[in-house]
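Open the structure in a viewer and keep the sequence to hand. The stops below say what to select next and what is to be found there.

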Amino acid sequence: MEVMCVVVGPLDENCYILKKNNTCLVIDPGDDYLKIKESIGEDKVIGVLITHSHFDHVGALRHFISKRGIKIFKKSISPEGEYEIKDFKFKVIETPGHAKDEITFYFEEENLMFDGDFIFKDSIGRVDLPGGSEEEMRDSLKKIQAYPKDTVLYPGHGEATILSYELQNNSYIKEFLSCI
């Protein structure tokens, strides 16, 4: 599976395009539909995955909703569990804390997670915004510890990181988990 990152919008949000066998999934189409469409190229979009509904992650979503044959995955319609769209298999993991509707998409075969604004390199998503919760963030961080430590995390902003690195070095995660 090929992973492309397209940085869009005024908050430099990471929109990811996952390509496999001339089909693709789009994760968090934050803004600038034309830039995203250019990166998709000739591949057929078969699904759009939304980690949470903050404006910077869904700005171009309306362009995909109107197209036939595209499945939309977000918390309100995709509860925690395993899903498959053609050649793509993934798990939806509920990871609230930054936002009530925050979910993480885990591609077990590739050992990749797309976590929106849950975990960043050396940081975590803000819990002081409307819908944020320190208690829910703590519970989500505790839950994510059960996944393979070599899992690559693709956040909604900034560079990718590795779960083990964050669990060992991220002072925000250490602080939250020390309160358990």
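Select Lys 143 and Glu 80, whose side chains meet in a salt bridge with an N to O distance of 3.0 Å. Lys 143 belongs to helix H4 (residues 134-144) and Glu 80 to the loop between S5 and S6, so this pair ties together parts of the chain that are 63 residues apart in sequence. Keep in mind that the model is predicted. At 31% relative accessibility, Lys 143 is partly exposed. Glu 80 is partly exposed too, at 43%.

How many salt bridges are there by this rule? The count comes to eight, and two others are worth a stop.

Stay with helix H4 and select Glu 136 together with Lys 100; their side chains form a salt bridge at 3.2 Å, N to O. Lys 100 sits in the loop between S7 and S8 while Glu 136 is in helix H4, so the link spans parts that are 36 residues apart in sequence. Lys 100 has a relative accessible area of 48% and is partly exposed. Glu 136, at 23% relative accessibility, also counts as partly exposed.

Now select Glu 108 and Lys 91, a salt bridge at 3.6 Å, N to O. This pair links distant parts of the chain, with Glu 108 in the loop between S8 and S9 and Lys 91 in strand S7, 17 residues apart. Glu 108 is partly exposed, its relative accessible area being 48%.

Next, the sheet. Color S1 to S5: these five strands make an open sheet in the order S1-S2-S3-S4-S5, with mixed pairing. Which strands stand at the edges? They are S1 (2-8) and S5 (71-73); each has a single partner strand, so one side of each has no neighbour in the sheet. From one strand to the next, the twist averages 25°.

Zoom in on S1 and S2 (residues 13-20), which run antiparallel and are joined by seven bridges. Two of the residue pairs to pick out are Val 6 opposite Cys 15 in S2, and Cys 5 with its bridge partner Tyr 16 in S2. The two strands form a hairpin with four residues between them, and Gly 9 in the turn has a positive phi of about 80°.

Follow the chain on to strand S3 (residues 23-27), which is antiparallel to S2 and joined to S2 by five bridges. Tyr 16 appears again here, with Ile 27 as its bridge partner in S3. S2 and S3 also form a hairpin, with two residues between them; select Asn 21 in that turn to find a positive phi of about 50°.

Show the side chains of S2 alone. Are its residues mostly buried or exposed? Eight of the eight are buried. The cover extends to both faces: Glu 13, Cys 15, Ile 17 and Lys 19 are buried on one side, and Asn 14, Tyr 16, Leu 18 and Lys 20 on the other.

Leu 18 leads into the interior. The largest nonpolar core has 18 residues, and Leu 18 is among those with the most contacts inside it, along with Leu 25, Leu 49, Phe 90, Phe 105, Phe 107 and Phe 114. The elements giving two or more residues to this core are S2, S3, S4 (44-49), S7 (88-94), S8 (103-107), S9 (112-116) and S12 (152-155). Display what surrounds Leu 18: leaving aside neighbours within four places in sequence, its contacts include Met 1, Val 3, Leu 25, Ile 27, Phe 88, Phe 107 and Phe 114.

Two loop residues end the tour. Most residues other than glycine have a negative phi. Select Asp 28, in the loop between S3 and helix H1 (33-40): its phi is near 55°, a positive value in a residue other than glycine. Lys 86, in the loop between strand S6 (81-85) and S7, likewise has a positive phi, near 50°. Where do the two stand on burial? Asp 28 has 2% relative accessibility and counts as buried, as it falls under 20%. Lys 86 has 56% and counts as exposed, being over 50%.

Definitions and conventions:
Residues numbered from 1 in each chain as written. Predicted model: local features only at pLDDT ≥ 70, side-chain atom pairs only at ≥ 80, totals over all residues. Heavy atoms only, no water. Pairing = 2+ DSSP bridges. Axes fitted to C-alpha atoms, helices over the stretch in contact; angles between N-to-C directions. Buried < 20%, exposed > 50% of the residue type's maximum accessible area, 1.4 Å probe, protein only. Core = buried A, V, L, I, M, F, W, Y, C linked by side-chain atoms within 4.5 Å. Contact = heavy atoms within 4.5 Å. Salt bridge = Lys/Arg side-chain N within 4 Å of Asp/Glu carboxyl O.
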